[in-house]
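The following questions and answers work through a single protein model, moving between local backbone geometry and overall dimensions. Please keep the sequence and the coordinates at hand while reading.

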Amino acid sequence: MILERLGKELLFFDGGMGTLLQEKGLRPGELPEVWNLEHTEEIVDIHRQYFEAGSDIVLTNTFGANALKFHSGDYDLEDIITAAVVSAKEGAYLGVRDDREVYVAMDIGPTGKLLKPLGDLDFETALAAFGEAARYGEAAGADLIHIETMSDMYEMKAAVLGAKENTSLPVFATMIFDEKGKLLTGGDVAAAVAMLEGLRVDALGINCGLGPEQMLPILEEIMKYTSLPVIVKPNAGLPRQRDGRTVYDVAPEEFAASMRRIVEMGACAIGGCCGTSPAHIRQMTGLCRGMEAGLPARKTDTIVSSYGRAVVLGEKPVIIGERINPTGKKKFRQALKDHDMDYILKEAVAQQEQGAHILDVNVGLPDIDETAMMKEVIGELQSITSLPLQIDTVEPSAMEAAMRMYNGKPMINSVNGKQESMDQVFPLVKKYGGVVVGLTLDEAGIPADAEGRAKIAGKIIAEAAKYGILPKDIVIDVLAMTVSSDPEGAKTTLEALRLVRERYGVRTVLGVSNISFGLPCRPAINAHFYTMALQSGLTAGIINPASEEMRKSYYAYCALMGYDSNCEDYIREFGNARADQSASPVASSLTLKDAIEKGLKEDASALTRELVKEREPLEIIDSELIPALDQVGKGFEQGTVFLPQLLMSADAAKNAFAVLRDKLEESGSSAKKKEKIILATVKGDIHDIGKNIVKVLLENYSFDVIDMGKDVPPEDIVRRALDEDVRLVGLSALMTTTVGSMEETIRQLRKEKPDCKVMVGGAVLNQEYADMIGADFYGKDAMQSVYYAQRLFEK
C-alpha cells in the first residue's frame, strides 16, 4: 500500500497530461476527458510513457471530470472516469519493466467556480460533485485520490471532504500558489497547511503555476509548518509559443537538477505539471532515484486559520475578541433576535481594527435556531474579515454545521472532561480539524484547587490522543472564577495555568472578564488579572479589545517581555493618548466610504439614502464610491486586502449605486455608463472564476460588461464585438489545453475588428506568453484589468 512507502522512500509522479494530449492532436477547446472514451489508445500510450520513464504514481485523465462539467450530453461521467482508471492501469501493465509497485491516482481538479458567498456554487453541491467523482474512481480501481491545482482553500476543503466521505482511499492534496506564496483567494502557506493537516490528508504540497526554481521559497515555507509528506510538482518553467505550439523553457536536464534540490529540501514525492514530458520525468527519476526521503520534522505549533491568514498560538499572547456573544450584551441579543446582520458584522470589523487576532462567535439564544444562525453568521463574517474564528457553542449540531462549512481551521470552544462531551466533540475535531478548547471540569464539577484542574486537563489530552488529536491542537481553559464569590479564585486559576503549561506543554486560554463579575470598576480588575495571567503562562485571553485598560495591559506586557520589537506596537497604539473606547463600537460614526471599504452592504444602502437627501448622486459616486473602491483595490494589489473582502466591498458599492441609480431615474438624469467590454472564458474552458471577478469590479466602475460566459467559440466573440462595436475584449483561460483557443480568438479579432483591444488573464498565463499570442494587455489580477480599461478609454 502506498501509505507504507510514503515518507520512507522517494516516490515519483508523472508529468503533464495536457502537454502530451496537444502533441497527439487535442484541438483547442476540445474536452480532454472525452479522449478516455474516444481515443483510449492514445491515453493508454501517454500513461505507458510515464511509467516507462520511471513514474511510480500516474494521474488519471480526469482533471475536469465532475458532474458540474459533465452533467448532460453524450458522455456519462462514470463511463469517463472508469475508462480513465482502466487506461492508466493498462499503461502500467505495458510500461513497467521492472518489479516496482506502481499506483494509479484518481485526479481531481477544481470546478472553475467560486463557492458561496463569493460565487454562486454551494459548498455542499461542490462537495457532492467531488465525492461522486472520487467514488467512481475508487470503484474503477484507483489506488488513491489526488486533488490538485486548487487555488481556493474552501474548494479544497469541499474536495477533501468529498473524497473522504465517499471513499476509503488515501487522499493527497496540492495547491497552486503564486510567487508571493498566496492563493487566488488570499490564503497563505501556513493557513493552507493548517487546514489540510486538520482535515487529515495523507500528503500535501504544491503544483502548477510556477517553475521549479520559483517554487523553492514556497517549499521552504511548507516545510516550516507541516509534519506530513510533501509533494512538489512544478511546471517546466514559463510557457512560450513556437510555431503555433505551446512550449516551456525548462529543459529536462535543468528540470531534473532543480528537482534534486527540491528533494534535498525535504520533498517526499515529486513530479511535473504543465509542460513536463516523459523526457523530464526520465531525467528526474534517473538523477533522483536512490536519494533519501523522509518525513518532515514533527511540528508542535498550535495554529488556527481562516481562508486568508494563520494565527500561531505561541509565546507571544493572542487576543480573542469576545464581543460576538450575547452574554451580558443586551444590544447584541436584540440584534440576533432581529436578524440584524450588519450590527454583528460591525462588531467584527471593530474588533479587528482594535487588534483582535481571533474572533469568538457565540449566537446561542433560547428562542433562535442556533445551528442556522451560526452557519449564517460564520458565512457572513468570513466574507468581510480574514481573522480566524472561534466557534463557541455547546450545541453539537451547531458545532458540526459550523465546522463543516468553516473556511480554514477554526478554534472550537469547547470540550470538557465529561465523557459525554469528549465523545461528542472529539470525533468532529478528528473529521473537520480544529484547535479545541478543553475546559477543566468534569462530572464532579470544577475542582476547587489547581491540581484538580490540571488532572482534568491531562484526562482531556489523553482522551484526545485516542482520536489522533495531538496536544498541539488542544488549548486548555483552567477557568477563571469570580473573586467576589471565591476569594482564592484568582490564585487558583493562576496556579492552574502554571501547572498545565509546565506539565503538558500545551497552550492555554481564559475568559478573562469572568474574574470580576459582581464587582464595581470591572475593567481595573480585569486588566490587572490579565497581566498576572499572561505572566503565569496564558496564551490567549478572550477579552474586549475595545477596552483601553485591556489594551494597555496587553501591549505593555508584550513590550516588557520582548515580544514587541523596539516597542513599535506600543508606540503605534498609545503614541497619541486616546479616551477609553470600552463602549460598543457599533455606535461610532460610519461614512459611506467606510461602509464600502469594510463590505457592509446594508450600511452602504442606508448611508446612501441619507446622503442623497443633501448631495447629488453623481457627486456621491465621485467622492465616495470610486475612492472607496480605489482604496480597496490598492490594498488588494499590496496583499493587505484579500479577494473575499474585495468582492464584498464591490457588493457594498453595488448596493449604494442601486440607491443612486433610482434617484437619478427619478430626476430624469442618469449616471454616465462607460464603454462596453466583452468578457469570455475561451472555447473548451469551463473555469470562470477569474472572469467573474473581473466582471464584478468592472461593473462597479460603471463599465458596461457583456458577459459571454464560458466555453465560448472564437467566432461568437468576434461576431458580438462587431455587432456591439466593442473596443475591448477580456479573455480568460485556466488550462494549458485551452490557451490555443485564446490565441485563435485574438487572431480572428485582429483580422475582423482591428480597432478592438484584447486583455487576457488566467493561471496559465504570464506577460511573455500574452505577448506571444498577440494580446494587448496581461492582467495579473482583477484590479489590473480595471486600471487598463480606465487608461484605455480615458485616451
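Q: Which residue with a positive phi follows α26?
A: In this predicted model, helix α26 covers residues 689-700, and among its buried residues are Leu 697, Leu 698 and Asn 700. Beyond the helix, the chain reaches a residue whose phi is positive, near 70 degrees. The residue that follows α26 with this phi is Ser 702.

Q: How far apart are the end C-alpha atoms of helix α26, and what span should its 12 residues have?
A: At 1.5 Å a residue, the 12 residues of α26 should span 16 Å. The value computed from the model agrees with this expectation, because the end C-alpha atoms are 17 Å apart.

Q: What radius of gyration does the protein have, and what would a compact globule of 795 residues have?
A: The C-alpha trace spans about 80 × 75 × 50 Å along the principal axes, and 61% of the 795 residues count as buried. A compact globule with 795 residues would have a radius of gyration near 28 Å, and the protein agrees with that expectation, since its own value is 28 Å.

Q: What percentage of the contacts between residues at least 6 apart in sequence join residues at least 24 apart?
A: The protein contains 30 helices and 25 strands, and the question concerns contacts between residues that are separated by at least 6 places in sequence. Among these contacts, the share that joins residues at least 24 apart is 76%.

Q: How far apart are the mean positions of the positive and negative charges?
A: The accessible surface of the protein comes to about 30,200 Å², with 49% of that area belonging to carbon and sulfur atoms. The protein has 87 positive and 119 negative charges, and the mean positions of these two sets are separated by 3 Å.

Q: Why is α13 described as largely enclosed by the rest of the structure?
A: Helix α13 runs over residues 341-353 and reaches 19 Å from its first C-alpha to its last, close to the 18 Å expected. Its buried residues, including Tyr 343, Leu 345 and Val 349, pack against β13, α12, β14, α14, α22 and α23. The helix is largely enclosed because the number of its 13 residues that are buried is 11.

Q: Which elements do the buried residues of α16 pack against?
A: Helix α16, residues 419-432, has 14 residues and reaches 20 Å between its first and last C-alpha, close to the 20 Å expected. The buried residues are Ser 421, Met 422, Val 425, Phe 426, Leu 428, Val 429 and Tyr 432. Just after the helix, Gly 433 takes a positive phi of about 80 degrees. The elements against which the buried residues of α16 pack are α7, α8, α15, β16, β17 and α17.

Q: Is Thr 149 buried or exposed?
A: Most residues other than glycine have a negative phi. Thr 149, although it is not a glycine, has a positive phi of about 60 degrees, and this residue lies in strand β4, residues 144-150. The cut-off for burial is under 20% relative accessible area, so Thr 149, at 8% relative accessibility, counts as buried.

Q: What does the relative accessibility of Cys 567 make it count as?
A: Cys 567 also has a positive phi, of about 55 degrees, although it is not a glycine, and it lies in the loop between α20 and α21. Because the relative accessibility of Cys 567 is 33%, this residue counts as partly exposed.

Q: Where is Pro 117, the residue at the end of the cis peptide bond from Lys 116?
A: Most peptide bonds are trans. The bond from Lys 116 to Pro 117 is cis, with omega near 10 degrees. Pro 117 is found in the loop between β3 (103-108) and α6 (123-140).

Q: Which residues does Lys 329 contact, leaving aside its neighbours within four places in sequence?
A: Lys 329 lies in the loop between β13 and α12, and with a relative accessible area of 14% this residue is buried. Leaving aside neighbours within four places in sequence, Lys 329 is in contact with Glu 322 and Arg 323.

Notes: Residues are numbered from 1 along each chain as its sequence is written. This is a predicted model: local features need pLDDT of at least 70, side-chain atom pairs count only at pLDDT 80 or more; totals for chains, interfaces and linings use all residues. Side-chain values use heavy atoms; hydrogens and water are left out. Helices (H or I, at least four residues) and strands (E, at least two) are DSSP runs, numbered from the N terminus. The radius of gyration is taken over C-alpha atoms; the globule rule is 2.2 Å times the number of residues to the power 0.38. Buried means under 20% relative accessible area, exposed over 50%, partly exposed in between (1.4 Å probe, protein chains only). Contact means heavy atoms within 4.5 Å. Accessible areas come from the Shrake-Rupley method with a 1.4 Å probe; for residues, only the protein chains shown count as cover. Lys and Arg count as positive and Asp and Glu as negative; His and the chain ends are not counted. The place of a charge is taken as NZ of Lys, CZ of Arg, CG of Asp or CD of Glu. The expected span of a helix is 1.5 Å times one less than its number of residues.
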